[in-house]
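The exercises below ask you to describe a ligand site and a few backbone features by working through the model in order. Keep the sequence and the structure open beside you as you follow each solution.

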Amino acid sequence: MVPTVEWRDGAVRILDQSRLPGAVEFLDCRDYHTVARAIKELRVRGAPAIGVTAAMGVALGAQFIQVTEYEDFAQGVLEICAHLAATRPTAVNLFWALERMKQTVARSRGKPLEDIKRGLIEESQRLLDDDIAVNKAIGRHGAELVADGHAILTHCNAGALATAGYGTALGVVRAAWEQGKKIRVLAGETRPVLQGARLTVWELMQDRIPVTLITDNMAGALMKLGRINLCVVGADRIAANGDVANKIGTYSIAVLAMAHGIPFYVAAPHSTIDLSTASGDQIQIEHRMPQEVISVFGSPPIAPVGVEVLNPAFDVTPADYVTAIITERGVVKPHELPERFRS
Ligand code: MRU
C-alpha cells in the first residue's frame with residue numbers, strides 16, 4: 001500500500017484521497033495552511049490519519065517560525081495548532097495529536113530552538129509509527145472474533161487510508177486474512193462521499209482481499225438473508241460511556257445488527273477514546289456542505305436545485321448497540337473503557 005501520509009524532503013506528502021480510485025496522486029504540502037486545507041477538503045481523512053497529518057502540519061509550520069525566544073516560538077506553535085484544530089470537529093484524534101505536539105514543545109523549554117524544531121518532526125514520525133503498530137495489535141485481537149468463511153460488513157473506510165497504515169476495522173480484516181481465513185468483506189458505499197465504494201473497495205482490491213460493494217440501504221436485507229456474520233467499523237470519537245461517533249449510517253447498521261442478532265464491533269485505538277466526554281450527546285457532529293448530497297461526487301445535480309439538504313457527516317451509536325470495542329489493549333465492553341483506558 002502507498003503511504004497515506006509521510007514526511008518527505010521537508011514537505012508533508014499526502015496521498016490525495018479525493019482523487020481515488022481514478023488516480024493515485026500526491027499532494028506535497030510545503031506550509032501548514034495547505035495541510036489544514038487538505039484535511040478540510042478530505043484529501044486526507046479518517047480519524048487517525050487526520051491526527052498524524054495534523055501533527056506533521058505542526059512540525060512543518062514550526063520549521064518556519066523565525067524568532068529567537070522560546071516564548072515566542074511556543075506562541076507560534078499554539079497558533080499553528082489552533083489553525084489545524086479548526087479543520088474538522090468530530091475526530092478526537094486530531095485534538096489528541098495536537099496536544100502531543102504542544103506537550104513536546106512544553107517539555108523542550110530551555111533547549112535550542114533548532115533542536116525543538118527537529119524534535120517536533122521526530123514526534124510526528126513517532127505518532128505515525130505508533131499508529132501502525134497499534135493498528136496491527138488491534139488487528140491481532142480482532143482477528144480472534146472472525147471465523148473462517150465469515151462475511152464482514154464494514155462502513156466508510158477505516159483502513160490503511162484512514163490511518164498511518166494497516167487500518168483499524170480493516171486491520172481486523174487484514175489480520176484475519178493473513179491468518180488464512182477465507183473471508184469476504186461487504187463494503188457499504190457510504191453516501192454522500194462514498195468512502196466505502198471509492199476507498200475501502202480500492203484498498204482491499206489492492207491487497208486481493210475479497211470484497212463486495214453494496215449500497216447503504218442493502219444491509220438489512222442481507223442480514224435477514226444470513227449473508228452477514230459480523231459488522232466491524234471504525235470510530236471518530238468514543239465517549240466515556242462507550243457511545244461511538246462514526247460515519248453517518250453507522251447507527252442504522254448497529255440497530256439492524258442488533259435486530260438480527262449479529263455482533264457489531266468497533267475497532268479503535270486509544271487516541272480515539274475520549275474519557276473527557278461523558279456521553280455521545282456531547283460529541284460535536286460536523287455538518288458538511290449540501291453539494292455533497294445534491295450531487296454524487298461532482299456529478300450534475302441529482303435533486304432539484306434549491307432543495308433543502310441535511311448533511312451531518314457522523315452519527316452516534318449508543319453503547320448498548322456495541323457488542324465490544326476492539327482496541328490495541330484487547331477486546332473491551334463499552335462500559336469497561338474508563339477502567340481500561342484511564343492511564
Ligand atoms: O469523513 P471521514 O472520511 O474522515 O470519516 C471517517 C470515518 O468515519 C472512519 O470510520 C473513522 O474516522 C475511523 S478511521 C480508522
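For sorting residues by character, Ala, Val, Leu, Ile, Met, Phe, Trp, Tyr, Cys and Pro count as nonpolar, Asp, Glu, Lys and Arg as charged, and the others, Gly among them, as polar. The model is a predicted one.

**Exercise 1.** Describe the shell of residues around the ligand, and state where the ligand lies with respect to the domains.

*Solution.* Begin with the residues themselves: 18 of them surround the ligand, and the closest are A47, R88, D236, N246 and K247. Next, sort the shell by character, which gives 7 nonpolar, 7 polar and 4 charged residues. Then turn to the secondary structure, where α2 (47-63) and β9 (244-247) each contribute at least two residues to the shell. Finally, consider the domains: because domain 1 (5-135) and domain 2 (140-341) both give residues to the shell, the ligand lies between them.

**Exercise 2.** Identify polar contacts of the ligand, using a cut-off of 3.5 Å between N or O atoms, and then state how much of the ligand the protein buries.

*Solution.* Start with the side chains: an N or O atom in the side chain of K247 is 2.7 Å from an oxygen atom of the ligand, and for the side chain of R45 the corresponding distance to a ligand oxygen atom is 2.8 Å. Continue with the backbone, where an N or O atom of G46 lies 3.0 Å from an oxygen atom of the ligand. The ligand taken alone exposes 420 Å², and the protein buries 99% of that area. As a last step, look at the space that the ligand takes, which is the largest cavity.

**Exercise 3.** Locate two cis peptide bonds and a residue other than glycine with a positive phi.

*Solution.* One cis bond joins L20 and P21, with omega about 5°, and P21 lies in the loop between β2 (11-15) and β3 (26-29). Another joins R191 and P192, again with omega about 5°, and P192 belongs to the loop between β5 (184-188) and α7 (195-206). For the remaining part, C156 has a positive phi, near 60°, and C156 is found in the loop between β4 (151-154) and α6 (169-178).

Conventions. Residues are numbered from 1 along each chain as its sequence is written. This is a predicted model: local features need pLDDT of at least 70, side-chain atom pairs count only at pLDDT 80 or more; totals for chains, interfaces and linings use all residues. Side-chain values use heavy atoms; hydrogens and water are left out. A residue is near a molecule or strand if one of its heavy atoms lies within 4 Å of it. A polar contact is a pair of N or O atoms within 3.5 Å; within protein, one must be able to donate a hydrogen and the other to accept it, and residues adjacent in sequence count only if both atoms are side-chain atoms. Accessible areas come from the Shrake-Rupley method with a 1.4 Å probe; for residues, only the protein chains shown count as cover. On a 1 Å grid over the protein atoms alone, a cavity is a set of points where a 1.4 Å probe fits but cannot get out, and a pocket is an open set with protein on both sides within 12 Å along at least five of seven lines; lining residues have an atom within 4 Å of a point. A molecule sits in a cavity or pocket if more than half of its atoms lie within 2 Å of its grid points. Helices (H or I, at least four residues) and strands (E, at least two) are DSSP runs, numbered from the N terminus. Domain bounds come from an automatic or database domain assignment.
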